[in-house]
Amino acid sequence: MSQDNVDIIRSAIASWNAGNMDAVREGLDPNVVATPLQGWPEQGPFVGRDAVMAWYGQVREAWDIDTVEAIRFVEAGDRVLVRVRWHGAGQGPESTMEFTAVYTMRKGGTVYIEFFWDHAEALQALGLSEQDAHVDT
Amino acid sequence: MSQENVDLLKSGFKAWNAGDMDTVLALYVPEAILRMPDDWPEPGPFVGREAVMRQFEQLRETWAEADAVEAISDFVDSGDRVVVRMIWRGTGHGPVADLEMTSMYTIRKGRIVYDEKFWDHREALEAVGLSE
């Protein structure tokens with residue numbers, strides 16, 4: 001199940017990079033909740049698929065083009081942690097941000113998304129360490 | 001830390017049964033999330049401590065006389081999560097009700113950030129990567 005979840009998130013990232021937001025949307029449970037990064041301009045939480053997609057649309061509008069690069073995946077039960085590098089270009093200076101997203105999965109859909117600036121903090125929050133977490137690159 | 005989480009929940013059950021909802025409220029972070037089991041009349045999710053407490057109060061009003069929660073399994077901790085099977089008994093309106101469900105709590109820095117209910121205990125255990 002966990003490997004399936006990793007594959008689902010991997011696929012969602014590919015869809016994001018292809019600009020296929022319908023596919024990104026399909027990966028979200030209708031009652032998904034997303035909590036943004038600490039200090040993010042829009043505080044959230046965003047509740048429901050429409051609200052999360054509206055937020056995603058808003059953040060993508062900041063750049064003409066943006067891509068998400070997965071650096072590593074960690075699976076832990078029904079949760080998938082992904083360290084990502086997010087590149088944006090086209091309006092003002094180019095931007096590269098690195099953060100960790102934690103996806104909680106149910107029946108193939110994402111029900112909860114949390115974001116952490118610090119990967120170690122994300123692992124610690126989940127009670128994991130790099131040693132006992134299964135890492136998939 | 002895990003034993004602290006278990007102790008926190010035990011104190012929460014005790015507070016619930018004593019009708020001390022202020023103490024129950026204090027167990028949750030302000031941005032807490034509550035998900036009820038599949039096919040629950042109010043599907044939620046309930047986001048924010050006040051919304052969570054409103055849902056709890058609404059549930060408690062279902063019974064006029066009393067309701068109580070009792071853990072009927074071990075408190076199983078895994079990382080930041082604790083899973084426990086519970087029975088919720090209520091009396092006062094119509095027949096006595098015994099509702100059995102499993103709670104999965106996600107606890108950070110001594111407070112509940114995510115509270116999810118499952119009808120099926122095995123499903124909850126699998127969610128945290130465990131089996132019965």
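Start with chain A as a whole: of its contacts with a separation of 6 or more, 48% are between residues 24 or more positions apart. Keep in mind on this tour that you are looking at a predicted model.

**Stop 1: chain A overall**

Select chain A and colour it by secondary structure. You should find 4 helices and 7 strands. Walking along the sequence, the order of elements is α-α-β-β-α-β-β-β-β-α-β. Now turn the C-alpha trace about its principal axes, where chain A spans about 40 × 30 × 25 Å. The radius of gyration of chain A is 14 Å, which agrees with the value near 14 Å for a compact globule of 137 residues. If you colour by burial, 31% of the 137 residues in chain A come up as buried.

**Stop 2: the nonpolar core**

Next, select Val80(A), Leu81(A) and Val83(B). These are the residues with the most contacts inside the largest nonpolar core, which has 54 residues. Zoom in on Val80(A) and leave aside its neighbours within four places in sequence. What is Val80(A) in contact with? Show Asn5(A), Val6(A) and Ile9(A), then add Phe73(A) and Glu75(A), and finish with Tyr103(A) and Met105(A); these are its contacts.

**Stop 3: where the chains meet**

Bring chain B into view beside chain A. Here 13 residues of chain B are in contact with 13 residues of chain A. On the chain B side of this meeting place, the residues divide into 7 nonpolar, 3 polar and 3 charged.

**Stop 4: the cis peptide bonds**

Most peptide bonds are trans, and most residues other than glycine have a negative phi. The next two stops visit some exceptions.

In chain A, select Gly44(A) and Pro45(A), which are joined by a cis peptide bond with omega about 0 degrees. Pro45(A) sits in the loop that runs between strand E1 (28–35) and strand E2 (46–47) of chain A.

Then move to chain B and pick Gly44(B) and Pro45(B). A cis peptide bond joins this pair too, with omega about 5 degrees. You will find Pro45(B) in the loop between strand E1 (28–35) and strand E2 (46–47) of chain B.

**Stop 5: positive phi in chain B**

Stay in the loop between E1 and E2 of chain B and select Asp39(B). Its phi is near 65 degrees, a positive value in a residue other than glycine. Is Asp39(B) buried or exposed? Asp39(B) has 7 other C-beta atoms within 10 Å; 12 or fewer count as exposed, so Asp39(B) is exposed.

Now jump to Lys109(B), in the loop between strand E6 (94–108) and strand E7 (111–118) of chain B. Lys109(B) also has a positive phi, near 50 degrees, and is a residue other than glycine. With 9 other C-beta atoms within 10 Å, Lys109(B) is exposed.

**Stop 6: Arg111(B)**

For the last stop, select Arg111(B), which belongs to strand E7 of chain B. Arg111(B) counts as partly exposed because it has 15 C-beta neighbours inside 10 Å. Which residues does Arg111(B) touch, not counting those up to four places away in sequence? Display Leu27(B), Tyr28(B) and Val29(B) to see them. To close, draw a distance between the C-alpha atoms of Arg111(B) and Asp20(B): they are 91 residues apart along the chain and separated by 17 Å.

Note on methods. Residues numbered from 1 in each chain as written. Chains lettered and ligands numbered in written order. Predicted model: local features only at pLDDT ≥ 70, side-chain atom pairs only at ≥ 80, totals over all residues. Contact = placed C-beta atoms within 7 Å. Nonpolar A, V, L, I, M, F, W, Y, C, P; charged D, E, K, R; others polar. Core = buried A, V, L, I, M, F, W, Y, C linked by C-beta atoms within 7 Å. Buried ≥ 20, exposed ≤ 12 C-beta atoms within 10 Å, placed from the backbone. Helix = DSSP H or I, 4+ residues; strand = E, 2+ residues; numbered from the N terminus. Rg over C-alpha atoms; globule rule 2.2 N^0.38 Å.
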